[in-house]
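Could you walk me through how to read salt bridges and surface patches in a model like this?

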Amino acid sequence: MRAGKGQDKHQVGAMSLLVLPFQLVLLMFAGWVNRHQLDVIEYLREENRVLKARLGGRRIRFTDVERRRLARKAQALGRKVLNELETLVTPDTLLRWYRKLIASKWNYRHRRGPGRPRVMTAITDLVVRMALDNPSWGYTRIRGALDNLGIRSAVAPSPIF
């Protein structure tokens, strides 16, 4: 039985020798990717510096879509990282755009209905005819006449026809 256990240890040792070169290659590749990403980030920082210098203090007008895209990316980075970068707008502005984006997402506008239903055209025509036939009648008198006809709460003081 001991020989079997020793054999297992030998096999495990041989496997670790095979994995070690793979780990070394993987670490070298990760280091290369990290250096490459740092070079890309440094280039983009320099590009932002050049763009800001070219603008000469003038403001850039962003569209709503551009604001949303920048706000999402800025929030993912956080205020501390944004303060280290030379952004085109201030970190406070970027994070304010993100707060507005989230606020507009949760305002439940999609649940709202179309508003008060329109008054039936027959009732509208009747109210207009009553007003034209009886110029001395006001809103209250016309409303009372409609109540007498069994038409209740169909007309507001300033209806939109």
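Here is a short dialogue on charged pairs and a nonpolar patch.

Q: What should I know about the model first?
A: This is a predicted model, where local features need pLDDT of at least 70, side-chain atom pairs count only at pLDDT 80 or more, and totals for chains, interfaces and linings use all residues. Residues are numbered from 1 along each chain as its sequence is written, and side-chain values use heavy atoms, with hydrogens and water left out.

Q: How many salt bridges does a search of the whole structure find?
A: Side chains of opposite charge can pair when their charged atoms come close. The cut-off is a side-chain nitrogen of Lys or Arg within 4 Å of a carboxyl oxygen of Asp or Glu. Here the search finds six.

Q: Which residues form a salt bridge with Arg-49?
A: Glu-46 pairs with Arg-49 at 2.8 Å between the closest N and O atoms, and Glu-42 does so at 3.8 Å. Glu-86 also meets Arg-49, at 2.9 Å from N to O. That last pair links distant parts of the chain, 37 residues apart: Arg-49 is in helix 1, Glu-86 in the loop between helix 3 (79-84) and helix 4 (91-105). Helices are DSSP runs (H or I, at least four residues), numbered from the N terminus. Shared partners join Glu-42, Glu-46, Arg-49 and Glu-86 into one network.

Q: Is Arg-49 buried or exposed?
A: Buried means under 20% relative accessible area, exposed over 50%, and partly exposed in between (1.4 Å probe, protein chains only). Arg-49, at 29%, is therefore partly exposed.

How values were computed:
Helices (H or I, at least four residues) and strands (E, at least two) are DSSP runs, numbered from the N terminus.
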